[in-house]
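Got your viewer open? Let's go through a few selections, one stop at a time.

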Amino acid sequence: MAKVKRQVIHIDEELCDGCGQCVPSCEEGAIQVIDGKARLVSDKYCDGLGACLGECPTGALSFEEREAEEFDVESVASHLADIGRDPAPQAHAPFSINMGSSHTGCPSAKTQQLQPKASNTQFTAGVKPVSELRQWPVKLYLVNPSAPYFANADVLLAADCSGFAYGSVHQDFVKDKVVIIGCPKFDDYQHHVNKLSAIISQNNIKSITVLRMTVPCCSGLSSIARQAMVNAGKDIAITERIVSLQGEVDPV
């Protein structure tokens, strides 16, 4: 099978204690405990989405970008049958997915570039505002760092709650930006740092706007952006905007 440059899971054997907590979290069965250590059985079983990352108590799991076999849904199904596991309910899209290619994975992870409708620059009585979303997916857990829409992009890194608190988020923040969303309190912090680092390192990101809530825990979103930039070794303009619980945004 041909190899492509993509994200796959890396297991640090020195940190791994063989607890096996990562094994059930990998629906494709790509990880097994062998000789007391978690090991990647085959590149073609790893979808590169990192569902296992948050399950490792020792931090032995991380992403690495390297030449690897392409993710193979049919091989995964055969592999799961061989090890006596039920087929994965959702075969995820790998990080190397190409726009316009056939896709047999989870629709929530399918990389799509959208065409926004004619934009309303302001709210008008009786006129329904349109979506300014330019791409799918938007969850940081699911976005593909090598997706074409990240090329030369201005990125909006938004807290999950911000779009509900701020009524004109599409017109004021989403417009002309690539959107990724997450929650620094309930999501896996290190996973988000790793994923955003991959996005920054693989693309020419022009700017990052962090849109977060005023609650203290949400400040972690800005920390994720700053740490990811350091890890990627790039200097990118980061703007932080804070939304109040009453739906107001701090002045620039």
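**Stop one: a helix and its neighbours**

Select Gly220, Leu221, Ser222, Ile224, Ala225, Ala228, Met229 and Ala232: these are the buried residues of α6 (buried is under 20% relative accessible area, exposed over 50%, partly exposed in between, with a 1.4 Å probe and protein chains only). Before going on, note that this is a predicted model, where local features need pLDDT of at least 70, side-chain atom pairs count only at pLDDT 80 or more, and totals for chains, interfaces and linings use all residues. Residues are numbered from 1 along each chain as its sequence is written, and side-chain values use heavy atoms, leaving out hydrogens and water.

Now show β7 (154–159), β8 (178–182), α5 (189–202), β9 (207–213) and β10 (237–243), which the buried residues of α6 pack against. Helices (H or I, at least four residues) and strands (E, at least two) are DSSP runs, numbered from the N terminus. Just after α6, click Gly233: its phi is positive, near 70°.

**Stop two: salt bridges**

A salt bridge here is a side-chain nitrogen of Lys or Arg within 4 Å of a carboxyl oxygen of Asp or Glu, and the count comes to seven. Pick Arg39 and Glu13, whose side chains meet at 2.5 Å, N to O. Arg39 sits in strand β3 (residues 37–40) and Glu13 in the loop between β1 (3–11) and α1 (22–25), so the pair ties together parts 26 residues apart in sequence.

Next, try Asp43 and Arg66, a salt bridge at 2.7 Å, N to O. Asp43 is buried at 14%, while Arg66 is partly exposed at 25%.

Last, select Asp250 and Arg241, with their closest N and O atoms 3.6 Å apart. Then add Glu64 to Asp43 and Arg66: salt bridges with shared partners join these into one network.

How values were computed: Contact means heavy atoms within 4.5 Å.
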